[in-house]
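Please look through the structure below, together with its sequence, and follow the walk that comes after it, which begins at the ligand and then moves outward through the chain.

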Amino acid sequence: MSPLAVIAGLEVPANVLVTGASSGIGLAAVGQLLDNARVGRVVAVSRGAEHHAGLSELGRSHGDRLLTLSCDITSDNDRDALAARLAAAGIDSLHLLLNCAGVLHAHRLRPEKSLAALRSDALAQVFALNAFAPVLLVQALLPLLKHRDPVVLASLSARVGSIGDNHLGGWYAYRASKAAQNQLFRTLSIELRRTHPHAACVLLHPGTVDTPLSKPFQAGVPPEKLFTPEHSARRLLMVIAGITPEASGRFYAWDGAEIPW
Ligand SMILES: NC(=O)c1ccc[n+]([C@@H]2O[C@H](COP(=O)([O-])OP(=O)(O)OC[C@H]3O[C@@H](n4cnc5c(N)ncnc54)[C@H](OP(=O)(O)O)[C@@H]3O)[C@@H](O)[C@H]2O)c1
């Protein structure tokens, strides 16, 4: 059986950059992309990527097809340095950007159950990563999209970011940051139609996935609805493989179904 096309219509080996590559869905996606013979090089990005045991292990098996780069994608300096670090490693074109970095909880950061729990510093922290970093990352990597091959820019969102689907409330910062990311990517899709007609940018909901991000909130999730990171990554890569520029600016779930804004 021939390997799965990474992106529809791409004839050359795909160069892929995955953020959030040290954990959960991003790490699973890096492994699956490296196993695909139609993938050229994979760039794995997270703050601690260069010191991550799992990525080091993959590096030993796949040699220089894998490049790990430690980068805080909320930092202007780190993003600016990224394109230069890729060029230094001989990577001057990208075909797929898969942004899997995201935050729901962290040290002194919990999703808010009520208005009383809102804090401006927490809102800023969550928005910096979930809303602003993905589109600023595209800005930083734009020189690598100058070629004429197909490109997909995919960023993980979340169904709870859908405003129309919000019937439960709570999780103010996380919901709103994902909704803001959706609007930023939708706006980007309209500009790219003009400037980069070979590119598509989409938002993706990965399902509820057993990762450190969802761990504290899995109690009410039926086992059959809790995906492994490997299952979610596989389904997301299948959705990505079917994306064409006509689909740009839309929000899709792991099964390819479109999600309302
Ligand atoms: N899990 C779910 O059920 C679920 C459901 C809906 C949507 N999602 C979305 O799916 C995406 C992936 O989630 P996940 O569950 O795989 O999360 P995860 O296991 O917690 O992984 C998050 C990743 O983001 C990286 N990261 C965090 N801050 C960063 C920064 N400032 N710069 C660069 N990288 C950073 C982390 O690595 P370092 O710490 O090394 O930086 C880690 O690799 C997120 O956007 C999440 O919102 C997840």
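In this predicted model, the ligand is surrounded by 29 residues, of which Gly24, Ser46, Arg47, Gly102 and Thr211 come nearest. Two elements give two or more residues to this shell, namely helix H1, which covers residues 24-34, and strand S7, which covers residues 208-209. The largest share comes from H1, with three residues. When the residues of the shell around the ligand are sorted by character, 13 are nonpolar, 14 are polar and two are charged.

From the ligand we can turn to Ile25, which is found in helix H1. Is Ile25 buried or exposed? With 29 other C-beta atoms within 10 Å, Ile25 is buried, because a residue counts as buried once 20 or more such atoms lie within that distance. Leaving aside residues up to four places away in sequence, Ile25 touches Gly20, Cys100, Leu156, Pro206, Val209, Thr211, Pro229, Ser232 and Ala233. One of these partners, Ala233, is 208 residues apart from Ile25 in sequence, and yet the two C-alpha atoms are 5.7 Å apart in space.

The next stop is the interior of the model, where the largest nonpolar core has 69 residues, and where Val16, Val18, Ala29, Ala44 and Leu96 are those with the most contacts inside it. For Ala29, the residues touched, not counting those up to four places away in sequence, are Val18, Leu98, Cys100, Ala233 and Leu237. Ala233 is thus named among the contacts of Ala29 and also among those of Ile25.

Ala158 offers a view of a loop, since its place is between strand S5 (151-156) and helix H5 (172-195). Although it sits in a loop, Ala158 is buried, having 25 other C-beta atoms within 10 Å. Its contacts, again not counting residues up to four places away in sequence, are Lys178 and His205. Ala158 and Tyr252, which are 94 residues apart in sequence, have C-alpha atoms 9.7 Å apart in space.

That loop between S5 and H5 also holds Trp171, whose backbone deserves a careful look. Most residues other than glycine have a negative phi. Trp171, however, has a positive phi of about 55 degrees although it is not a glycine, and with 21 C-beta neighbours inside 10 Å it counts as buried. Arg108 is another residue other than glycine with a positive phi, in this case near 60 degrees, and its place is in the loop between strand S4 (96-99) and H4. What sets the surroundings of Arg108 apart is a count of 9 other C-beta atoms within 10 Å, so that Arg108 is exposed, whereas Trp171 is buried.

The walk ends with a pair of helices. Two packed helices are described by the angle between their axes and the distance between the axes. Helix H3, residues 76-88, and helix H4, residues 120-141, pack at an angle of about 35 degrees with their axes 9 Å apart, and the crossing of H3 and H4 is right-handed. On the side of H3, the residues that meet the partner helix are Arg79, Asp80, Leu82 and Ala83, while H4 brings Leu136, Leu137, Ala140 and Leu141. The residues of this contact divide into six nonpolar, no polar and two charged.

Conventions: Residues numbered from 1 in each chain as written. Predicted model: local features only at pLDDT ≥ 70, side-chain atom pairs only at ≥ 80, totals over all residues. Near = placed C-beta within 6 Å. Helix = DSSP H or I, 4+ residues; strand = E, 2+ residues; numbered from the N terminus. Nonpolar A, V, L, I, M, F, W, Y, C, P; charged D, E, K, R; others polar. Buried ≥ 20, exposed ≤ 12 C-beta atoms within 10 Å, placed from the backbone. Contact = placed C-beta atoms within 7 Å. Core = buried A, V, L, I, M, F, W, Y, C linked by C-beta atoms within 7 Å. Axes fitted to C-alpha atoms, helices over the stretch in contact; angles between N-to-C directions. Left-handed = near helix turned anticlockwise from the far one by under 90°.
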